[in-house]
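Dear colleague,

I am handing over the structure discussed for your review. Please find it below, followed by an account of what was found in it.

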Amino acid sequence: MNNVGLLDELYKRDANGNRAYLNPARSVADGVWDDGVYEPVYINPAHASGLNLVEGDRVIVSSATGSTYGSVKFTNRIAPNNVGIGDGAYFKLNAFGVDIGGASNGLTSGRPSRICFSMAMCSDDRVKIVKA
C-alpha cells in the first residue's frame, strides 16, 4: 500500500507540507523510497499545539529503538499525548541513521504487546516528536 497513487495524493507530504509523490522513474536499484516524501504522523491538535507544531510540519519521531521522518496530520481521533503512524511504509536509513521511509516498525521494540496478543499495531512504545 506504500506506492498507491491515490493514497500518496491524500496523505504524503514534502518538507513544506505540500502534497508529494514518489518518483515514478525511480528504480529498485536506487532504493525503494524518495527522500523528501513523508508518511503522515497523526496527532491530536491540542497535543500538537503544545509542541508548537502545525499541520504539514516535517517531524522526527524517535524511540529507544530508532527514529523516522513524518509529516504532521491533525485528527481528533487520536487522544492527546498519543500518535498514530501507519504500518507498511518502506524502511531506508539516511546517512544520519534516520529512516526516511516513515516505517513504524523501526520505532517499535521486539517485545510482544501485552494488550493485543503480540501485535505491533497496539504497541505501547514511547516516542518523542520534534520538528525536523
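**Findings**

A hairpin of four residues links strand 2 to strand 3. Please note that the model is a predicted one.

The pairing across that hairpin is antiparallel, with five bridges between strand 2 (residues 58-62) and strand 3. Within this pair, Val61 has Thr68 of strand 3 as its bridge partner.

As to the overall composition, the protein contains two helices and five strands, and its elements follow the order α-β-α-β-β-β-β from the N terminus. The strands form an open sheet of five with the order 4-1-3-2-5 and mixed pairing. Strand 4 and strand 5 (128-131) are at the edges; each has a single partner strand, so one side of each has no neighbour in the sheet. On average, neighbouring strands of this sheet are turned by 40° against each other, direction ignored.

Strand 1 has two partners, and the two pairings can be described in turn. With strand 3 (residues 67-74), strand 1 (residues 40-43) runs parallel, and four bridges join the two. With strand 4 (residues 83-85), strand 1 runs antiparallel, and three bridges join them. Individual residues show both pairings. Val41 stands opposite Val72 in strand 3, and its bridge partner in strand 4 is Ile85. Tyr42 stands opposite Lys73 in strand 3 and opposite Gly84 in strand 4.

How many of the residues of strand 3 are buried? Six of its eight residues are, which leaves strand 3 mostly covered. For the protein as a whole, 39% of the 132 residues count as buried.

The largest nonpolar core has nine residues: Val41, Ile43, Ala48, Leu53, Val59, Val61, Val72, Leu107 and Ile129. Strand 1 and strand 2 are the elements that give two or more residues to this core. Apart from it lies another core, of five residues, including Tyr38, Ile60, Tyr69 and Ile100. In soluble globular proteins, nonpolar side chains tend to be buried together.

Val61, a member of the nine-residue core, has a broad list of contacts beyond four places in sequence: Val41, Gly66, Ser67, Thr68, Ile85, Leu107, Val127, Lys128 and Ile129.

A loop residue also deserves attention. Gly56 is located in the loop between helix 2 (45-50) and strand 2. Is Gly56 buried or exposed? Gly56 counts as buried because its relative accessibility is 7%, under the 20% limit. Outside the four nearest places in sequence, Gly56 is in contact with Asp14, Ala15, Asn16, Gly17, Ser71 and Val72. Of these contacts, Ser71 is 15 residues from Gly56 in sequence, with 5.4 Å between the two C-alpha atoms.

Two totals complete the account. Among contacts in the protein with a separation of 6 or more, 56% are between residues 24 or more positions apart. The accessible surface of the protein is about 7900 Å², and carbon and sulfur atoms make up 53% of that surface.

With kind regards

Terms used. Residues are numbered from 1 along each chain as its sequence is written. This is a predicted model: local features need pLDDT of at least 70, side-chain atom pairs count only at pLDDT 80 or more; totals for chains, interfaces and linings use all residues. Side-chain values use heavy atoms; hydrogens and water are left out. Two strands pair if DSSP finds at least two bridges between them. Buried means under 20% relative accessible area, exposed over 50%, partly exposed in between (1.4 Å probe, protein chains only). A nonpolar core is a set of buried Ala, Val, Leu, Ile, Met, Phe, Trp, Tyr and Cys residues joined through side-chain atoms within 4.5 Å. Contact means heavy atoms within 4.5 Å. Accessible areas come from the Shrake-Rupley method with a 1.4 Å probe; for residues, only the protein chains shown count as cover. Axes are lines fitted to C-alpha atoms, for helices over the stretch in contact, and angles run from 0 to 180 degrees between N-to-C directions.
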